[in-house]
Structure formats: structure tokens, C-alpha cells
Amino acid sequence: MRDTPFVSNGASRTLCQHEQECCAACNTEASGLNVVARVRLPYDRSVRVLVTVGDKVGFLARERQVAPPGWNRWLVPPAALAIHLSIGQAYAWSVFKTPLEKSLGITGTQSALPFQLGIVMLGLSAAVLGTTVERRGPRWAMLMSLLAFCSGLLISAVGVWAGMYWVVVVGYGLVGGIGLGIGYISPVSTLIKWFPDRPGMATGIAIMGFGGGALIASPWSTSMLTAFGSTTSGIGQAFLVHGIAYAVFMSLGVLLIRLPSPEFTAQKEALLKDRPKAGVAHNVSANNAIRTPQFWLLWVVLCFNVTAGIGILEKAAPMLVDFFKESSTPVAATAATGFVALLSAANMAGRFVWSSTSDVVGRKNIYRLYLGVGALLYLVLLTLGSTSTPLFVIAAMVILSFYGAGFATVPAYLRDLFGTYQVGAIHGRLLTAWSVAGVLGPLIVNAIADAGKKAGHTGPDLYATSFYIMIALLVVGFIANELIRPVDPRFHEPEAVVRAQEPAGSGDDGTAAKWNEAEAADAAEEQDAEGVVKK
Amino acid sequence: MSSSRENPSSTLLLVGAWLWVGLPLAYGLYRLFLNAAKLFV
């Protein structure tokens with residue numbers, strides 16, 4: 001190894017001669033300081049890594065997040081659920097829409113703004129802050145999510161009381177939306193690390209929570225508005241109680257989340273013994289992942305699968321009524337609300353059931369099911385949907401179960417392709433597909449239904465064109481999934497770089513070496529024109 | 001996977017944590033099925 005001066009506290013010190021263990025070996029001397037070290041790799045290659053050592057003070061320090069010996073991994077899913085069940089409240093925003101419109105004199109389009117901005121911010125903050133979440137650890141991320149999400153609700157309370165609707169938009173949509181994005185990705189990579197044998201099931205539980213959050217919030221918020229009244233005072237009180245209650249509920253996640261200990265990492269081999277295909281031998285950084293075709297193919301898969309689900313979700317209740325309007329068994333509007341509830345149940349159940357199934361049948365196969373069978377079910381709705389209400393309901397439920405499952409399975413698919421190294425950050429960047437689908441799906445469905453009404457269409461004809469578009473999107477998604485191949489080894493991270501990110505120990509004696517933002521700049525010096533670390 | 005060093009307090013923590021998230025979810029599911037039943041009446 002070439003002698004390389006390392007910088008400690010801004011001063012150039014003695015030469016480091018400790019080869020790959022140089023960071024740990026120098027800890028005693030450089031405790032609490034940033035150290036730039038050169039990590040030696042096989043075949044005379046090396047990378048410069050900036051590590052922070054001795055950062056073990058504070059509840060949020062990454063090494064304080066490492067599980068003590070004997071920590072039960074089944075404590076991690078409830079930690080994740082505490083966050084996802086809370087931020088899933090966003091899907092129950094519609095409860096506040098009519099009261100806000102009446103009390104503040106705003107339009108329907110305006111009352112939808114906080115939710116829409118929130119979903120856009122979810123995608124953006126997950127994409128931008130994914131690497132930071134990965135570096136700081138899940139406890140930090142969950143606390144930031146708690147602070148942002150609950151502050152958003154409290155700011156909204158102030159906005160309603162003051163009669164300033166723009167404050168609600170900024171509070172709930174902008175500030176709260178950042179909490180949604182950080183919270184959504186916060187437990188993902190930790191769950192995958194704790195459940196290397198069942199990553200699909202683990203992320204399925206958490207992401208099922210996001211669907212379940214609306215189920216809790218919807219009746220709860222409705223009861224609260226009934227109790228406090230739908231005036232500005234009542235709505236403000238409801239936001240205030242929401243903010244406080246969710247802060248208490250989410251704190252369980254912050255307190256309970258733990259990173260796997262070295263003891264658990266040693267046990268990982270035993271877990272994977274029965275599932276030889278479950279292990280992933282390589283890792284790809286978030287920056288390199290977005291340079292691979294696999295990332296963008298998966299982006300298309302997620303975007304189109306979500307769009308197809310929204311195709312039904314957006315117009316579920318009127319769709320059921322329209323389909324059977326002229327039949328011998330028309331469906332009443334109240335019954336249609338029951339249909340929407342069933343779709344929510346299918347959406348939630350699909351997240352857990354199908355994602356867990358993917359651990360057995362493989363990620364590529366399960367997406368073949370979501371996209372291929374999804375397209376066929378849309379065809380069934382088109383051709384036979386109006387002949388039988390049970391057939392229509394069941395087909396729509398299965399499509400919605402695939403919609404939810406697409407979200408829940410994608411972190412495990414990313415882990416299969418890119419490893420666990422920065423899977424949370426990669427997942428964050430992939431969620432921009434959701435933001436696009438969230439705009440694209442309702443646009444397509446509403447525009448076509450409106451145009452159909454103007455043209456005088458009735459019944460199933462109102463939805464025929466949008467169903468054909470959904471089928472086409474699912475077929476394109478199916479082809480994209482077929483094109484996904486293992487990632488080229490030139491994108492793989494060197495083992496030494498991956499190891500530099502892992503907390504060194506669980507105990508008081510552990511001096512952690514953390515991957516730092518500055519590392520990216522240092523490592524970039526060693527990269528070739530394509531941004532891949534030279535081999 | 002739980003460790004062989006697992007003790008009663010950690011079991012209590014496990015049960016408490018799952019109840020913390022499970023009870024609100026059960027309430028949400030109960031209300032959901034009340035709504036879904038409207039489709040069949």
C-alpha cells in the first residue's frame with residue numbers, strides 16, 4: 001500500500017501503515033475526528049474513504065442504533081408499522097376536504113392540494129434524502145419523519161384557525177410531505193437486513209401499514225370532526241389532536257428500531273441455509289444504480305403497475321354503479337361505498353400476501369403475475385364485467401391486490417438486483433415512479449371518463465378506452481420486467497467500501513466507521529468516466 | 001430469529017409492541033368490514 005497521509009482535525013499527521021484495518025487501528029488516536037484513509041483493494045487498487053470515528057455520543061448516533069445481543073428481530077416490524085400506519089393517514093385526507101371547503105370557502109380542486117403536494121413531496125424527499133437516511137440510520141429517519149409529519153399537522157391546525165388556507169397547504173403538503181417520504185423509506189433497508197431469508201414478507205408488513213393507515217385514520221378523523229364540529233375551530237382542534245396522537249404513536253418506532261448486531265450478522269448464514277437463493281453476494285451504490293438499465297426498467301414496471309391500479313381506484317364507486325345501471329340488478333350508491341371498502345382491503349392484503357409469496361416464487365415471477373394477470377383481468381372487466389356483479393367485484397379486487405403488492409415487493413426486488421448496501425436510497429429514487437403515476441393515472445381516467453360523458457356514452461362504454469390504455473401499460477410493464485437481467489458486475493461496489501459503512505459494534509467499546517457524504521467525492525476521484533469504481 | 005438469551009421482559013416488549021400497532025389496525029379493519037358489508041345488503 002502506498003503511504004498516504006491522513007487528515008485528522010485538519011492537520012496532516014503521520015503515515016498510516018495499517019492496511020485495510022487502518023481506520024479501526026487509528027481510532028484511539030483520532031477519536032471523534034474525521035479521518036481520510038486509503039483502503040487497499042485487491043490488484044493494487046485503492047479508494048479513499050472519509051470516515052467519522054468515535055461518534056458514539058447521542059441517542060441518534062448510528063452505533064447507538066445497533067441491537068444489543070439477543071434483540072428479537074420480530075420487534076422491527078412493529079417499529080416499522082408504527083411509522084407506516086401513521087403516515088398512511090395521508091390517504092384519508094378526503095375526510096377533511098368537504099369540511100375545509102365549507103368552512104374556508106375553497107373549491108374542491110383547492111382542497112385536494114395538500115394531499116397532492118404531499119404525494120409529490122413524498123417522492124421527491126424519498127429520492128433526495130434516501131442517501132442521508134441510509135447514512136444516518138433508521139432511528140434518525142423515523143424521528144425526522146415524526147417531526148416533519150406531526151409538525152405538518154400542527155401547522156395545519158394554526159392555518160385553519162387563522163383562516164389562512166395556504167398555511168395548511170404548506171404545513172400538510174410541504175412539511176408533512178417530507179415526513180411522508182422519509183418515513184416511507186425509513187424502515188425498508190433495516191427490515192431487509194433483519195430478514196434476509198424473507199425480505200418480501202418483511203417489507204410487505206411495513207408497506208401494508210401504509211395502506212392500513214387510511215383504514216384507521218378515516219373513521220377516527222370522521223369521529224373527531226363529528227365531536228369537535230366541522231367549523232374552523234373544530235377542524236383546527238382535530239389537526240391538533242392528530243399531530244399529538246401521531247407523535248406519541250410514532251415514537252414507538254423511534255425507540256424500538258435497531259440495526260442488526262454483529263451477532264445477528266453471524267447468524268445470517270444459518271437463516272439462509274434453507275434458502276440458498278435468498279442471499280445476495282453483490283452491492284451497488286445508489287449513484288451507480290440509477291446508471292443501470294435495471295433501475296429504469298423497474299421504474300417503468302412500478303410506474304405502470306401503479307397507474308393501472310389507480311385506473312380502478314380513482315373511479316371505483318361510480319364505475320360499479322355505471323357498469324350495472326341498465327342491468328336487472330343495479331347497484332345502489334351505498335353498496336358502491338362497500339365496494340370501495342373491499343378494494344381497500346384487497347389493496348392492503350395484497351401488500352402482505354403477494355409480497356410474502358415473492359420470497360418463494362421469485363421477484364420476477366411475481367411481477368409477471370401482477371402485470372400479466374392484471375392485464376387479463378382488465379380484459380375480463382371489459383368483456384364480461386357487466387354480466388355479473390360478483391365477477392366484476394372479484395376481478396377489481398385482484399387488480400387492486402396487485403396494485404398494493406407492486407409497492408410492497410419492489411424493495412425486495414431492488415435488494416435482489418442491487419444488494420442491501422444502499423437499498424433504502426435506491427428505493428427512495430424509485431419512488432419518483434409513484435409520483436409520476438399519481439399524476440398520470442387520475443389524469444387518464446378522469447379525462448377519458450369526462451370525454452365519454454360529453455360524447456354521450458353510458459355504462460361500461462364510459463370506461464372502455466381507459467381500460468384499453470391500462471392493458472397497454474401493463475403489457476409494456478410486463479415486457480420491461482422480462483428485460484430485467486442481473487446487474488453488470490462493473491457496477492458492483494468493492495467489499496471494503498461496503499464494509500466501511502457498517503457500524504463496527506454494538507457495545508460501548510465500538511468505535512464506528514461511517515460512510516460519509518464526503519466519501520462520495522473522494523471515491524469519485526477513483527472512478528472512471530462511467531462513474532464506476534475501477535476494478 | 002430470537003436469541004437463546006431471550007428473557008420474559010423481552011417477550012413482554014414483543015407482545016406490547018405488537019399490541020401497540022395491532023389494536024389500532026384491528027379497529028380500522030373492523031370499521032372497514034362494516035363498510036364492506038353494505039355491498040351485500
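In the predicted model, Asp197(A) is buried, with a relative accessible area of 6%, a value that falls under the 20% limit and therefore places the residue in the buried class. Asp197(A) belongs to the loop that runs between α8 (188-194) and α9 (199-228) of chain A. Its side chain makes a polar contact of 3.0 Å with the side chain of Arg73(A). Asp197(A) is also brought together with a part of the chain remote in sequence: its C-alpha atom and that of Lys268(A) are separated by 8.3 Å, although the two positions lie 71 residues apart in the numbering of the chain.

Two further residues were examined for spatial relations of this kind. Ser86(A), located in helix α3 of chain A, has a relative accessible area of 0% and is accordingly buried. The C-alpha atom of Ser86(A) lies 9.5 Å from that of Ala245(A), a residue 159 positions away along the chain. Glu482(A), by contrast, counts as partly exposed at 24% relative accessibility, because this value lies between the limits of 20% and 50%. Glu482(A) is part of helix α20 (residues 461-483) of chain A. In space, its C-alpha atom is 9.4 Å from the C-alpha atom of Asn365(A), whereas the separation in sequence is 117 residues.

Aromatic contacts amount to 28 pairs over all chains. In one of them, the ring centres of Trp93(A) and Tyr172(A) are 4.5 Å apart and the planes meet at 35 degrees, so the arrangement is tilted. Trp93(A) is situated in the loop between α3 (76-87) and α4 (94-104) of chain A, and Tyr172(A) in helix α7 (residues 165-185) of chain A; the pair therefore ties together parts that are 79 residues apart in sequence. Both partners are buried, with relative accessible areas of 2% for Trp93(A) and 4% for Tyr172(A).

A second pair is formed by Tyr367(A) and Tyr413(A), whose ring centres are 5.3 Å apart; with the planes at 35 degrees, this pair is likewise tilted. Tyr367(A) lies in helix α16 (residues 363-384) and Tyr413(A) in helix α17 (residues 389-418) of chain A, so that the contact links distant parts of the chain, 46 residues apart. Tyr367(A) is buried at 1% relative accessibility, and Tyr413(A) is buried at 4%.

Beyond these pairs, one aromatic cluster comprises Tyr91(A), Phe115(A), Tyr184(A), Phe210(A), Tyr403(A), Phe407(A) and Trp434(A). Aromatic rings also take part in contacts with charged side chains. The charged end of Arg139(A) is positioned over the ring of Phe59(A), at 4.2 Å from the ring centre. Arg258(A) lies over the face of Trp71(A), with a distance of 4.4 Å to the ring centre.

The largest pocket has a volume of about 1,600 Å³. Its lining consists of 44 residues, and those nearest the pocket centre are Tyr91(A), Ala92(A), Ser94(A), Leu313(A) and Val340(A). Of these, Tyr91(A) is also a member of the aromatic cluster. At least two lining residues are supplied by each of α4, α5 (108-136), α9, α13 (293-313), α14 (316-323), α15 (333-361) and α19 (432-454) of chain A, and also by α1 (8-36) of chain B. In terms of residue class, the lining contains 26 nonpolar, 12 polar and 6 charged residues.

Notes. Residues numbered from 1 in each chain as written. Chains lettered and ligands numbered in written order. Predicted model: local features only at pLDDT ≥ 70, side-chain atom pairs only at ≥ 80, totals over all residues. Heavy atoms only, no water. Phe/Tyr/Trp six-rings, centres within 6.5 Å; stacked < 30°, edge-to-face > 60°. Helix = DSSP H or I, 4+ residues; strand = E, 2+ residues; numbered from the N terminus. Buried < 20%, exposed > 50% of the residue type's maximum accessible area, 1.4 Å probe, protein only. Lys NZ or Arg CZ within 6 Å of the ring centre and 35° of its normal. Polar contact = N/O pair within 3.5 Å; in protein donor to acceptor, adjacent residues only side chain to side chain. 1 Å grid on protein atoms, 1.4 Å probe; cavity = no way out; pocket = protein on both sides within 12 Å on 5 of 7 lines; lining within 4 Å. Points joined across faces, edges and corners; volume = space filled by probe spheres on them. Nonpolar A, V, L, I, M, F, W, Y, C, P; charged D, E, K, R; others polar.
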